[in-house]
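Hi,

Here's the structure I said I'd pass along. Have a look at it first, and then read on for my notes.

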Amino acid sequence: MGYDWPEWALDRLRGMQPWEVMQVLTGKRPRWPRRGRDGTGASILTIWGRTNAGRALKVGVYQVSAWQWHIASARDMTPAELAEFQQWEETRR
């Protein structure tokens, strides 16, 4: 599975580096895929995970072909999301 950055998504990235987002998407740590909605209400897949350094991020992606996804957004998890994610992580140990 491949991931691409549309130029507009890179332009909106704040407070983190693209390589941190890629660590969440392609790293060895467990990832929690969850269906969500973007700001327009369109369906999007969110990937909840951690960088190699342990930073918890929520990454929004959408499928453009059978094996290709575009990265639409990335941000730190809210405290409530982080608590939910930590509970999920506990089931993976």
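Below is what I found, going from the strands to the cores, the salt bridges and the pocket. Keep in mind that this is a predicted model.

**Strands**

I'd begin with strand S3, residues 43–50. Seven of its eight residues are buried, so S3 is largely enclosed by the rest of the structure. It has a partner on either hand in the pairing list: six bridges join S2 to S3, and six join S3 to strand S4, residues 56–65. The S2 and S3 pair runs antiparallel, and so does the S3 and S4 pair.

Trp48 is a handy residue for following this. Its bridge partner in S2 is Trp32, while in S4 the partner of Trp48 is Lys58.

Both pairs are hairpins. S2 and S3 have five residues between them, and Gly41 in that turn has a positive phi of about 95°. The hairpin of S3 and S4 also has five residues between its strands, and there Gly54 takes a positive phi near 100°.

While you're looking at glycines, try Gly27, which sits in the loop between helix H2 (18–26) and strand S2 (32–37). Is Gly27 buried or exposed? It comes out buried because its relative accessible area, 18%, falls under the 20% cut-off. Gly27 is 25 residues from Asn52 in sequence, yet their C-alpha atoms are 7.4 Å apart in space.

**Cores**

The largest nonpolar core has 14 residues, and the ones touching the most other members are Val21, Leu25, Val59, Val61 and Ile71. Two or more residues each come from H2, S3, S4 and strand S5 (68–76). A second, separate core has six residues, and Trp32 and Trp48 turn up there along with Ala56 and Phe85. So the bridge partners Trp32 and Trp48 are both in that second core.

Val59 is a good place to centre your view. Leaving aside neighbours within four places in sequence, Val59 is in contact with Val21, Val24 and Leu25, with Leu45, Thr46 and Ile47, and with Ile71, Ser73 and Ala74.

From the helix side, the buried residues of H2 are Glu20, Val21, Gln23, Val24 and Leu25. They pack against strand S1 (2–4), S3, S4 and S5.

**Salt bridges**

How many salt bridges are there? The count comes to six. I'd look at the network that links Glu20, Arg55 and Asp76.

Glu20 forms a salt bridge with Arg55, with the closest N and O atoms 3.2 Å apart. Glu20 lies in helix H2 and Arg55 in the loop between S3 and S4, so this pair ties together parts that are 35 residues apart in sequence. Arg55 also forms a salt bridge with Asp76, where the closest N and O atoms are 2.8 Å apart. Asp76 is in strand S5, so the Arg55 and Asp76 pair ties together parts 21 residues apart in sequence.

As for how the three sit in the structure, Glu20 is buried, with a relative accessible area of 11%. Arg55 is partly exposed at 23%, and Asp76 is partly exposed at 37%.

Another of the salt bridges joins the side chains of Arg75 and Glu81, at 2.7 Å from N to O. Here Arg75 is partly exposed, with a relative accessible area of 34%, whereas Glu81 is buried at 11%.

**Pocket**

Finally, the largest pocket holds about 280 Å³ of space. It is lined by 16 residues, and those nearest its centre are Arg37, Asp38, Gly39, Ile44 and Ser73. Helix H1 (7–12), S3, S4 and S5 each give two or more residues to the lining. Ser73 may already look familiar, as it is one of the contacts of Val59.

If you only have a few minutes, I'd go to Val59 and its contacts, then to the network of Glu20, Arg55 and Asp76, and then to the pocket around Arg37 and Asp38.

Cheers

Technical notes:
Residues numbered from 1 in each chain as written. Predicted model: local features only at pLDDT ≥ 70, side-chain atom pairs only at ≥ 80, totals over all residues. Heavy atoms only, no water. Helix = DSSP H or I, 4+ residues; strand = E, 2+ residues; numbered from the N terminus. Buried < 20%, exposed > 50% of the residue type's maximum accessible area, 1.4 Å probe, protein only. Pairing = 2+ DSSP bridges. Core = buried A, V, L, I, M, F, W, Y, C linked by side-chain atoms within 4.5 Å. Contact = heavy atoms within 4.5 Å. Salt bridge = Lys/Arg side-chain N within 4 Å of Asp/Glu carboxyl O. 1 Å grid on protein atoms, 1.4 Å probe; cavity = no way out; pocket = protein on both sides within 12 Å on 5 of 7 lines; lining within 4 Å. Points joined across faces, edges and corners; volume = space filled by probe spheres on them.
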